[in-house]
Amino acid sequence: MKKESTTSNKIADSLREAINYGRLNPSDKIIEREIAERYQASHIPVREALRILEGEGFVVHRKFAGYTVREVNPEEMIELYNIMRFISVQLLSRAIPRYTEITYYQLKAITTEMEKTKDAEKNIDLLMQFAETIFFPAGLTFTFNLSKQILRRNIPVLQGVIRVVANGTIPVEGFKRFIELCQNHEVDAAVKYTTDQFDLVTKTFVAYMSESKKKV
């Protein structure tokens with residue numbers, strides 16, 4: 001039983017990564033038999049892996065149709081990012097006063113890497129690193145983990161925006177401005193700047209998704 005559970009988690013991790021990084025696209029059908037053959041596993045851990053992903057919102061199951069990669073609609077994006085916006089205020093209000101020189105060194109190193117690369121997948125990883133670095137000092141474990149789940153769930157959309165809107169790059173001016181405000185101990189201004197950025201990002205995401213749906 002322990003082996004099947006471990007296999008299920010490995011399969012779920014692999015499929016989740018494939019969805020996150022665009023190797024599996026929204027509405028793609030997931031064939032249990034093909035997955036079982038690929039991972040040399042029985043159907044039991046494969047089904048368990050798919051149930052895990054269904055619970056996380058990555059796939060949906062329809063009777064007689066099986067599993068498909070779940071599509072995220074613009075309305076849902078607005079809801080998710082309103083939640084993320086609220087969470088960010090709670091985390092940053094506590095985290096920013098706790099930033100150390102090490103924190104700023106890490107943030108500046110990440111933004112420097114962002115400026116160097118046009119690889120969308122690498123930039124996504126850097127974006128996740130930046131988010132984790134600015135939120136972690138808050139010391140709110142549950143809220144911090146929730147923020148990571150929301151961000152990771154939206155990697156496919158983030159990648160689409162980076163590729164289509166920003167030509168594979170991430171504009172770093174906003175990140176540098178945030179760091180500057182934090183170093184000047186302007187906590188409220190830094191938090192407001194971040195929420196304003198979330199509003200802008202949400203509008204960009206929704207416009208991108210709406211345009212993508214028109215082309216389908």
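Buried means under 20% relative accessible area, exposed means over 50%, and partly exposed lies in between, with a 1.4 Å probe and protein chains only. This tour starts from a predicted model, in which local features need pLDDT of at least 70, side-chain atom pairs count only at pLDDT 80 or more, and totals for chains, interfaces and linings use all residues. Residues are numbered from 1 along each chain as its sequence is written, and side-chain values use heavy atoms, with hydrogens and water left out.

**Whole chain**

Begin with the cartoon. The chain has 10 helices and 3 strands; helices (H or I, at least four residues) and strands (E, at least two) are DSSP runs, numbered from the N terminus. Along the sequence the pattern reads α-β-α-α-β-β-α-α-α-α-α-α-α. Of the 216 residues, 42% count as buried.

Next, colour by pLDDT, the predictor's confidence in each residue, from 0 to 100. The average over the chain is 84, and 88% of the residues score at least 70. Among the elements, helix 8 (residues 155–164) has the lowest mean, 68, and helix 9 (residues 173–183) the highest, 95. Where pLDDT is low, the predicted coordinates should not be read in detail.

Contacts in this tour mean heavy atoms within 4.5 Å. Among contacts between residues at least 6 apart in sequence, 73% join residues at least 24 apart.

**The sheet**

Select strand 1 (29–30) and strand 2 (59–62), the edge strands, each of which pairs on one side only. Add strand 3 (residues 66–69). The 3 strands form an open sheet in the order 1-3-2, with antiparallel pairing; two strands pair if DSSP finds at least two bridges between them. Strands of a sheet pair through backbone hydrogen bonds, either parallel or antiparallel.

Strand 1 and strand 3 are joined over 2 bridges in the antiparallel sense. One residue to label here is Lys-29, whose bridge partner in strand 3 is Thr-68.

On the other pairing, 4 bridges join strand 2 to strand 3. His-61 stands opposite Tyr-67, and Arg-62 has Gly-66 as its bridge partner. The hairpin of strand 2 and strand 3 has 3 residues between the strands, and Phe-64 takes a positive phi near 70° there.

Now show helix 3 (residues 43–56), which packs on the sheet and touches strand 1, strand 2 and strand 3. The direction of helix 3 makes about 110° with that of strand 2. For such angles, axes are lines fitted to C-alpha atoms, for helices over the stretch in contact, and angles run from 0 to 180 degrees between N-to-C directions.

**Helix 4**

Select residues 74–95. At 1.5 Å a residue, the 22 residues of helix 4 should span 32 Å, and the end C-alpha atoms are 30 Å apart, which agrees. The expected span is 1.5 Å times one less than the number of residues.

The buried residues of helix 4 are Pro-74, Glu-76, Met-77, Leu-80, Tyr-81, Met-84, Ile-87, Ser-88, Leu-91, Leu-92 and Ala-95. They lie on the same side of helix 4 because they cover an arc of only 140° around the axis; the arc is that of the directions from the helix axis to the C-beta atoms. On the other side of helix 4, Glu-75 and Phe-86 are exposed.

Zoom in on Ser-88, which is in helix 4. Is Ser-88 buried or exposed? Ser-88 is buried, with a relative accessible area of 1%. Leaving aside residues up to four places away in sequence, Ser-88 touches Phe-135 and Phe-198.

**Helix 9 and the loop after it**

Move to helix 9, where Phe-175, Phe-178, Ile-179, Leu-181 and Cys-182 are buried. They cover an arc of only 160° around the axis, which puts them on the same side of helix 9.

Just after helix 9, select His-185, which takes a positive phi of about 60°. His-185 sits in the loop between helix 9 and helix 10 (187–215). His-185 is exposed, with a relative accessible area of 69%.

**Last stop: Gln-40**

Most residues other than glycine have a negative phi, and most peptide bonds are trans. Gln-40 has a positive phi, near 50°. Where is Gln-40? Gln-40 is in the loop between helix 2 (32–38) and helix 3. Gln-40 is exposed, with a relative accessible area of 76%.
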